[in-house]
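The exercises that follow ask for a careful reading of one protein model, and each task is paired with a solution worked out in steps. Please look over the sequence and the coordinates before starting.

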Amino acid sequence: MGLEATIFPWYRIAKPPPVGPMIIAKLSDGFCGLNVIHVSRLPFEKTGKANWTALLAILHKRQLLAARTPPVKPAIANTKEDVYVIEVEGTSNVPIESPSWASLQTRPLVRHGATACTVISRATLITMLSMCNARCTFRHSGAAGHRAAYASYSGQWYIEWPLGAPAVVHFAAHDSHALSSDVYPASFERRVDKCVQMTAGVIEAPEPGKLQCAFPGRKPPGMWLLEYQPKGFPGAHGSRHLYNMMGGKVFDVDFLLAREYTNERDLPPHELRLTLPSKEKGRNTTFYVPEKEQQMLAQLMDCLPWSPLSWSIHRGLRDLLLAFSRATMDKCRRRLAQKLRETVLQNPQKLEARGWGPEFIRESIPDIVFSSVMARAGESGDAVRVVTDTALLLWDGLATGLDETKFWREQLELPSKVDQQLTPEMVIALTKCFVLEWYTDFDYQIYHDLPTELLFG
């Protein structure tokens, strides 16, 4: 019996029955039909009791800017906590006059307790978690049902599925920040397809049909040979189920197979040995990488999608690419950190024009970018936003060029390239590696814990 059968008989109290938004999000459809979404850390609109109103108040169709002083032109329709909110459309500033999602298709709401809920699929939930850079902080499955909590950059998520009752999703915006004191830009861009692909462990080149490749999951301790298989993803185990569920075309995706060997003497010729974390805590596993697969890893590093925020990432993808890139990144790390610090000191007005707080730029950002890059790892979304926005100041090419560089393939052919002066393209390539280092672990097999439909209250 589906959730439709539990619809509350609203005719007893209201005619016609109340309706709410139909929220659909997945790889093939974007979020409610849009692939590019602008996410804010705090709601910019008044929210209701239902949690889905809070979510729609942090996801926006267009970029938002927040001004501390009243702009001269145009007239601003919305103010909150003495902050003037401007919605950007193209090159002109347009005041917010109505909720961004007022035109969404509606459906009858479902009563759960005292809350009117909309119904979402598990694919939609996983997509929204990925967009908000969520990570699991609590999970329990037992005789009474399933419960889980996810912390994300834009709020807290809770899932409850009591035995014999519908599964319910809750979302609450952060209460630890205020618009009037926030020194970060009001919103940042997220691409739904890239968020889902990184969660499923798939990297796609910007040029259509050029390259799509999936990664194996984390392996037990042992010896593994990395083997490139064209169109091999349909035979993989694990994330291909999620990719299918999201509307992805599994049959178009290549695969990096991890083939196990018990005797090192039986291994085919290889030139690179990588030590990766294994499934067993505290123990590592060894991957051997032939020359062809090294070239593939270098191309995949170059094709990492650009992101202003960390990824909720497939750990097999992360493990392999971090192990492959670590030595090169460490050689360039101090120069990258110093380059970004100098960029902030020389161009504070450019960051201010992007929405950063003036005092924060001059007093804190230079040291934040340097310390974050030198740290080699971390979990702060704020630090990632600072570093990526600083790196963009050095980029004068097209935005589409951010998704594919040539640095990693060139340094594989010519290792001395890492000793050269940093170019804007090298800064972008290394910054994408930095974002990979500041990852957020996400279990792509979360769908095993969830029914096909959930109430979003």
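Two strands count as paired if DSSP finds at least two bridges between them. The model is a predicted one, and its secondary structure comes to twelve helices and 26 strands.

**Exercise 1. Determine which strands pair with E20, in which sense, and how far E20 is covered.**

Step 1. Begin with strand E21 (residues 254-261), which is joined to E20 by seven bridges and runs antiparallel to E20. Within this pairing, Glu 227 has Leu 257 of E21 as its bridge partner.

Step 2. Turn next to E23, which three bridges join to E20 and which runs parallel to E20. Here Met 223 stands opposite Thr 286 of E23.

Step 3. As for coverage, E20 is mostly covered, since five of its seven residues are buried.

**Exercise 2. Place these pairings in their sheet, and identify the strands at the edges of that sheet.**

Step 1. The sheet is open, has six strands with mixed pairing, and follows the order E18-E19-E21-E20-E23-E22.

Step 2. Strand E18 (202-204) and strand E22 (272-277) each have a single partner strand and stand at the edges, so one side of each is left without a neighbour in the sheet. On average, and with direction ignored, neighbouring strands of this sheet are turned by 30° against each other.

Step 3. At the E18 edge, E18 pairs with strand E19 (residues 212-214) in the antiparallel sense over three bridges, and Gln 212 in E19 is the bridge partner of Glu 204.

Step 4. Helix H6 lies across E18, strand E20 (223-229), E22 and strand E23 (284-289), and runs at about 135° to E22.

**Exercise 3. Which word describes the arrangement of H5 and H6, and which residues make the contact?**

Step 1. Two packed helices are described by the angle between their axes and the distance between the axes.

Step 2. For helix H5 (residues 291-302) and helix H6 (residues 315-346), the axes come within 10 Å and cross at roughly 95°.

Step 3. Angles from 65 to 115 degrees count as roughly perpendicular, and H5 and H6 are therefore roughly perpendicular to each other.

Step 4. H5 contributes Gln 294, Leu 297, Ala 298 and Met 301 to the contact, while H6 contributes Leu 321, Phe 324 and Ser 325.

**Exercise 4. Give the strand order of the seven-stranded sheet, and describe its edges and the helix that lies across several of its strands.**

Step 1. This open sheet has the order E11-E12-E26-E16-E15-E14-E13, and its pairing is mixed.

Step 2. Its edges are formed by strand E11 (110-112) and strand E13 (135-142), each of which has a single partner strand, so one side of each is left without a neighbour in the sheet. From one strand to the next, the twist averages 25°.

Step 3. At the E13 edge, E13 and E14 pair in the antiparallel sense over seven bridges and form a hairpin with two residues between them; one bridge places Gly 142 opposite its partner Gly 145 in E14.

Step 4. Elsewhere in the sheet, strand E16 (residues 168-172) and strand E26 (residues 453-456) run parallel and are joined by two bridges, with Val 169 standing opposite Phe 456 of E26.

Step 5. Helix H2 (residues 122-131) lies across strand E12 (115-121), strand E14 (145-152), strand E15 (155-162), E16 and E26, and runs at about 95° to E12.

**Exercise 5. Why does Leu 59 count as buried, and what surrounds Lys 194?**

Step 1. Leu 59 is found in strand E5 (residues 59-60). Buried means under 20% relative accessible area, and Leu 59 counts as buried because its relative accessibility is 1%.

Step 2. Setting aside residues up to four places away in sequence, Leu 59 touches Phe 31, Ile 37, His 38, Val 39, Trp 101 and Met 131.

Step 3. Lys 194, which lies in helix H3 (residues 192-200), is buried yet has no salt bridge. A salt bridge requires a side-chain nitrogen of Lys or Arg within 4 Å of a carboxyl oxygen of Asp or Glu, and the nearest side chain of opposite charge, Glu 204, is 4.3 Å away from Lys 194.

Step 4. With residues up to four places away in sequence again not counted, Lys 194 touches Glu 204, Pro 305 and Trp 311.

Note on methods: Residues are numbered from 1 along each chain as its sequence is written. This is a predicted model: local features need pLDDT of at least 70, side-chain atom pairs count only at pLDDT 80 or more; totals for chains, interfaces and linings use all residues. Side-chain values use heavy atoms; hydrogens and water are left out. Helices (H or I, at least four residues) and strands (E, at least two) are DSSP runs, numbered from the N terminus. Axes are lines fitted to C-alpha atoms, for helices over the stretch in contact, and angles run from 0 to 180 degrees between N-to-C directions. Contact means heavy atoms within 4.5 Å. Buried means under 20% relative accessible area, exposed over 50%, partly exposed in between (1.4 Å probe, protein chains only). Lys and Arg count as positive and Asp and Glu as negative; His and the chain ends are not counted. Angles under 35 degrees count as roughly parallel, over 145 as roughly antiparallel, 65 to 115 as roughly perpendicular and the rest as oblique.
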